[in-house]
Amino acid sequence: MAMSFVADFDSGILENLLSSGVRLASPCVLAVAVSGGADSVSLLTALSHILPASFSLRAVTVNHNLRAPSETAGDAAFVQDYCASLGVPCTRYDIPRGQIREAAAAGGLSLEEAARDARYACFERFMAEHDVAFLCLAHNRNDQLETLLMRFLSGGGLEALSGIPVRRDRYLRPLLTVPRADIERYLREQSLPFRTDSTNADNALLRNRIRNTLVPVLDGQFGGWSRALLSLSAKMRDDAAFFETELALARNRCRFMQDCGRVSMDCSCFCRETKSVRVRLLFAAADALSQSAGGLTKGRIPYSFMSRAADGLLTGNWKGSCAGRPGRSAIGS
């Protein structure tokens with residue numbers, strides 16, 4: 001029975017890989033990010049079981065140096081040892097202690113956001129250095145639900161409520177449909193070790209409060225909430241895909257152009273767009289300006305501000321607006 005569960009788990013991961021665009025007939029370097037936690041250890045193990053010998057499987061681990069040295073370095077050493085036991089090459093990156101905190105303060109970011117930025121910078125370097133076709137991340141179904149709850153409670157919009165994507169460019173998440181309970185059983189039935197992050201119990205972090213406090217209440221009082229939330233996310237994802245296409249068309253209609261630290265659009269065309277598209281055009285302009293400044297802008301622009309700006313451009317109550325008259329309006333320096 002145990003081996004049947006393990007085999008079924010492995011088959012499910014393989015199916016998710018195939019549906020994400022990995023072709024077994026086209027050997028490549030496929031890698032997995034491993035923290036040492038239950039999720040990433042299970043994913044690494046499953047990949048070592050299911051990938052053909054023609055594939056090159058590699059691992060990468062990042063020591064953020066945010067916790068006590070014995071814990072954070074211990075996690076990285078555990079990952080290296082486990083990878084060695086599987087015969088999987090492992091690349092380790094150690095971020096200098098204090099660097100992430102400094103980046104968070106300088107960029108107006110939370111510690112979690114700064115750590116994510118640093119981690120993905122390591123991932124990009126790793127993929128370039130080892131010619132990695134796909135990097136697998138170990139987000140699971142519980143992570144998806146927690147993320148959706150976080151975004152809902154933070155007032156997230158259509159795109160945010162679409163949830164974590166199964167694939168984003170070269171990043172794949174083969175565990176995203178797998179509940180945490182199955183992951184723990186998979187490890188238990190093979191007697192596989194894993195590490196536990198001590199900060200998981202810190203309810204000062206929103207994700208932990210949701211996981212440790214809110215989710216148990218929902219499970220106990222609102223049966224079926226998780227299926228309903230995932231169904232809502234799927235609907236939001238379909239709608240977000242529509243608006244992504246519509247935004248691209250609107251940029252062409254409004255002659256959206258960026259030059260010398262400014263973004264300009266045709267005013268009359270902008271004012272004929274629906275409000276949801278106008279707001280998205282303004283966010284696109286803000287993103288373009290942020291990128292031209294090296295991504296150094298601090299914080300996020302509230303939706304309420306962009307909503308008022310979109311209405312102001314329409315009515316002429318905004319500097320630079322042409323209130324629907326022919327011409328162009330520019331945003332930026």
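**Reading the aromatic rings**

Modeller: Let's start with Phe5, Phe9 and Tyr186, which make up one aromatic cluster. This is a predicted model, where local features need pLDDT of at least 70, side-chain atom pairs count only at pLDDT 80 or more, and totals for chains, interfaces and linings use all residues. Residues are numbered from 1 along each chain as its sequence is written, and side-chain values use heavy atoms, leaving out hydrogens and water.

Colleague: How many aromatic pairs does a search of the whole structure find?

Modeller: Six turn up. Rings of Phe, Tyr and Trp (its six-membered ring) pair with centres within 6.5 Å; planes under 30 degrees apart are stacked, over 60 edge-to-face, the rest tilted.

Colleague: So what kind of pair do Tyr120 and Phe123 make?

Modeller: Their planes stand at 70° and their centres 5.3 Å apart, so call this pair edge-to-face. Both residues belong to helix H5 (residues 111–130; a DSSP run of H or I, at least four residues, numbered from the N terminus). Tyr120 and Phe123 are three residues apart there, about one turn of the helix.

Colleague: Are Tyr120 and Phe123 buried or exposed?

Modeller: Buried means under 20% relative accessible area, exposed over 50%, partly exposed in between (1.4 Å probe, protein chains only). Tyr120 is buried at 11%, and Phe123 is buried at 4%.

Modeller: Phe242 and Phe243 are also edge-to-face, because their ring planes make 75°, with 5.3 Å between centres. Phe243 is buried too, at 19%.

Colleague: Which residue lies over the face of Tyr120?

Modeller: Arg116, 4.2 Å from the ring centre. The rule asks for NZ of Lys or CZ of Arg within 6 Å of the centre and within 35 degrees of the ring normal. Back at Phe5, the charged end of Arg185 sits over the ring, 3.9 Å from its centre.

Note on methods: Helix = DSSP H or I, 4+ residues; strand = E, 2+ residues; numbered from the N terminus.
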